[in-house]
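Student: I have a model in front of me that is new to me, and I would like to learn how to read its features step by step.
Tutor: Let us look at it together, beginning with the inside and then turning to the whole.

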Amino acid sequence: MNAAKRLEIFTRFRAANPSPKTELEYTTPFELLIAVLLSAQATDVSVNKATRVLYPVANTPASILALGVDELTQYIRTIGLFRTKAKNVIATCQILLEQHGGEVPRDRASLEALPGVGRKTANVVMNTAFGEPTMAVDTHIFRVSNRTGIAPGKNVDIVEQKLLKFVPKEFLHDAHHWLILHGRYTCIARKPQCWNCMIADLCDYKSKSPVPANV
């Protein structure tokens with residue numbers, strides 16, 4: 001895929017959704033960090049259901065730490081891997097209080113040092129909470145990048161680096177939101193909705209899905 005096509009793709013994404021947002025619900029960088037940590041191998045919908053109950057009770061490192069693992073588990077037990085996540089959240093809160101004055105750090109190294117926080121989670125927090133032009137490559141972005149030809153790569157690290165290189169700078173801040181939403185609702189895994197895709201004419205995917213008979 002050439003630069004002109006990529007420019008047009010992101011121009012269309014921006015025209016359709018000028019201010020894309022994460023579907024995770026949060027009001028502070030800390031709430032976002034915990035929501036993203038909980039979202040690993042879980043849906044945003046399931047995380048939001050849990051945090052809508054949790055955050056009115058505890059939404060700071062100190063208040064969640066005070067809950068302890070067992071009580072926190074009761075709030076997040078509907079989320080996949082909830083036991084491990086509860087332990088990681090409690091440990092993260094303790095580190096934030098002891099090493100960062102209760103604030104979420106803005107640098108990648110400090111974020112990735114938190115239990116349960118990998119590169120993808122750090123990228124989401126840096127981008128969404130602090131406005132950094134990072135690229136958090138999840139399964140949706142990996143699929144869309146490869147299928148469309150925007151930034152093909154054999155693993156998430158290669159795709160991340162190619163996106164950072166190929167996405168025009170003016171679109172970098174919002175690009176990962178557009179790509180996630182496109183993968184979640186249009187360029188879906190089993191049968192992409194090519195007939196309902198705003199970039200179908202620019203996409204390199206050869207086996208485009210036809211319009212279903214019931215549409």
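Student: Which residues have the most contacts inside the largest nonpolar core?
Tutor: In soluble globular proteins, nonpolar side chains tend to be buried together. In this predicted model, the largest nonpolar core has 36 residues, and those with the most contacts inside it are I64, L72, V89 and L111. The elements that give two or more residues to this core are α2 (29-38), α3 (44-54), α4 (61-76), α5 (82-99) and α7 (119-128), with α2 supplying the largest share, eight residues.

Student: What does L72 touch, leaving aside residues up to four places away in sequence?
Tutor: With those neighbours set aside, L72 touches L54, I64, L67, A86, V89 and I90. There is also a second, separate core of 22 residues, which includes M135, V137, F171 and L172.

Student: How many helices and how many strands does the chain have?
Tutor: The chain has ten helices and zero strands. Its radius of gyration is 19 Å, close to the 17 Å that the globule rule gives for 215 residues, so the chain is as compact as a globular protein of that length. Along its principal axes, the C-alpha trace spans about 55 × 40 × 30 Å.

Student: How much of the chain counts as buried, and what supplies the area that the chain exposes?
Tutor: Of the 215 residues, 47% count as buried, while the chain exposes about 10800 Å², of which carbon and sulfur atoms supply 54%.

Methods:
Residues are numbered from 1 along each chain as its sequence is written. This is a predicted model: local features need pLDDT of at least 70, side-chain atom pairs count only at pLDDT 80 or more; totals for chains, interfaces and linings use all residues. Side-chain values use heavy atoms; hydrogens and water are left out. Helices (H or I, at least four residues) and strands (E, at least two) are DSSP runs, numbered from the N terminus. The radius of gyration is taken over C-alpha atoms; the globule rule is 2.2 Å times the number of residues to the power 0.38. Buried means under 20% relative accessible area, exposed over 50%, partly exposed in between (1.4 Å probe, protein chains only). Accessible areas come from the Shrake-Rupley method with a 1.4 Å probe; for residues, only the protein chains shown count as cover. A nonpolar core is a set of buried Ala, Val, Leu, Ile, Met, Phe, Trp, Tyr and Cys residues joined through side-chain atoms within 4.5 Å. Contact means heavy atoms within 4.5 Å.
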